Amino acid sequence: MHKICLKRLNFKTEFSDIYKALVCGKRLPSGDIKQLFVKGGLIHLTVVSGAHLLFLEKLWLKIPFSHSLKYKSLSLFLILYSLTSQLKPPVLRALISFFFFQISEKKKLFWSKAGITLLSGLACLAYNPSWINSNSLQLSVLASLIFSYSKKSLKKNLLIYLFLLPILNRWQNLHPLTVLVNWISAPIISGLLFPLSFLSPFLPFFYKVSDFLWSIFLKILGVVNFFPSNLSLIKYKLPEDWTWFYILLIFFLLSLFKKLSYRYLSYEKKLVLKAYK
């Protein structure tokens with residue numbers, strides 16, 4: 001399936017590597033384009049993950065045919081796409097999360113998003129214990145935990161930057177301004193460039209539009225070349241053996257903080273009600 005996908009995308013364009021990364025899950029080869037994504041802190045958007053599955057879920061449910069049939073075929077569609085992407089750790093974790101959400105809703109288990117994220121990570125380790133040292137799985141779990149914590153986009157990007165830095169510092173330095181780059185660029189890629197890239201193999205006339213938009217986006221992203229390469233807010237490098245303990249610590253801290261926030265809000269509501277009475 002992966003080979004069929006790559007063959008389908010075998011057309012003449014200078015951005016073919018981007019299309020193959022987004023649609024087929026092929027790793028971006030070393031070069032100027034990959035360096036732009038790395039330095040801009042956007043390389044995660046070129047790896048098939050939960051964000052891609054979420055978009056495809058929304059796209060599939062918008063297709064104009066039987067409502068019940070759409071929901072029944074959604075799981076099969078996401079499984080096929082995940083297999084096409086070679087079922088790498090981030091996409092398998094996202095797929096397992098999708099099924100856990102379905103189970104939680106149907107059985108009324110009321111599992112939290114953070115809890116499902118952690119369970120999906122553990123399920124990936126049960127499926128393939130060698131992934132315990134997988135950086136992509138660890139970063140996927142940690143980023144998803146933080147992503148589920150806040151609803152504010154800029155706050156999410158800032159927290160993800162801060163909490164992921166101790167891991168990312170092992171192999172690269174991310175400039176603080178990449179928080180803004182992510183905040184601005186992520187919606188453009190996920191909401192416009194990814195849909196066009198995904199639909200282009202099926203609707204070839206989209207190629208000219210998507211090629212044009214990618215060329216503009218990469219030129220604008222070129223501003224990250226002026227960022228100092230050795231500047232980051234946190235210099236600490238987390239030892240590899242501590243990574244899963246770090247993820248568990250973040251999970252418990254965020255859960256505790258969220259619980260305290262709910263209690264504080266409920267206390268405030270009670271005070272307001274008393275004031276009205």
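User: How many disulfides does the count come to in this predicted model?

Analyst: The structure is a predicted model. A disulfide is counted where two cysteine sulfur atoms lie within 2.5 Å. The sulfur atoms of C5 and C24 are 2.0 Å apart and form such a link. By this rule the count comes to one disulfide.

User: Which parts of the chain does the pair C5 and C24 tie together?

Analyst: The link of C5 and C24 is left-handed, with -85° about the S-S bond. Both C5 and C24 are buried. C5 lies in one helix and C24 in another, so the pair ties together parts that are 19 residues apart in sequence, namely helix 1 (residues 2-8) and helix 2 (residues 16-24).

User: Is C124 buried or exposed?

Analyst: A residue is buried when its relative accessible area is under 20%. The value for C124 is 0% relative accessibility, and C124 therefore counts as buried.

User: How many helices and how many strands does the chain have?

Analyst: From the N terminus on, the elements run α-α-α-α-α-α-α-α-α-α-α-α. The chain thus has 12 helices and zero strands.

User: What is the radius of gyration of the chain, and what does the globule rule give for 277 residues?

Analyst: The C-alpha atoms fill a box of roughly 70 × 55 × 45 Å along the principal axes. Buried residues make up 45% of the 277 residues in the chain. Because its radius of gyration is close to the value from the globule rule, the chain is as compact as a globular protein of that length: the radius is 20 Å, and the rule gives 19 Å.

User: Among contacts between residues at least 6 apart in sequence, what percentage join residues at least 24 apart?

Analyst: Contact here means heavy atoms within 4.5 Å. Among the contacts in the chain between residues at least 6 apart in sequence, the share that joins residues at least 24 apart is 66%.

User: Which helix gives the most to the largest nonpolar core?

Analyst: The largest nonpolar core has 41 residues, and F37, W214 and F217 have the most contacts inside it. Several helices each supply at least two residues of this core, among them helix 1, helix 3 (32-39), helix 10 (178-199) and helix 11 (206-221). The helix that gives the most to this core, with six residues, is helix 2.

User: Which residues does F37 touch, not counting those up to four places away in sequence?

Analyst: F37 is one of the residues with the most contacts inside the largest nonpolar core. Not counting residues up to four places away in sequence, F37 touches I18, L28, L42, I43, T46, I189, W214, F217, L218 and L221.

User: Which residues of helix 8 are buried?

Analyst: Helix 8 (residues 135-147) has 13 residues and reaches 18 Å from its first C-alpha to its last, close to the 18 Å expected. The buried residues of helix 8 are L137, Q138, L139, S140, V141, L142, S144, L145 and I146.

User: Where is Q86 found, and is Q86 buried or partly exposed?

Analyst: Q86 has a positive phi of about 75° although it is not a glycine. Q86 is found in the loop between helix 5 and helix 6. With a relative accessible area of 42%, Q86 is partly exposed.

User: Does K108 count as buried or exposed?

Analyst: K108 is a residue other than glycine, yet its phi is positive, near 55°. K108 is found in the loop between helix 6 and helix 7 (113-127). At 61% relative accessibility, K108 counts as exposed.

Note on methods: Residues are numbered from 1 along each chain as its sequence is written. This is a predicted model: local features need pLDDT of at least 70, side-chain atom pairs count only at pLDDT 80 or more; totals for chains, interfaces and linings use all residues. Side-chain values use heavy atoms; hydrogens and water are left out. Helices (H or I, at least four residues) and strands (E, at least two) are DSSP runs, numbered from the N terminus. Buried means under 20% relative accessible area, exposed over 50%, partly exposed in between (1.4 Å probe, protein chains only). A nonpolar core is a set of buried Ala, Val, Leu, Ile, Met, Phe, Trp, Tyr and Cys residues joined through side-chain atoms within 4.5 Å. The radius of gyration is taken over C-alpha atoms; the globule rule is 2.2 Å times the number of residues to the power 0.38. The expected span of a helix is 1.5 Å times one less than its number of residues.
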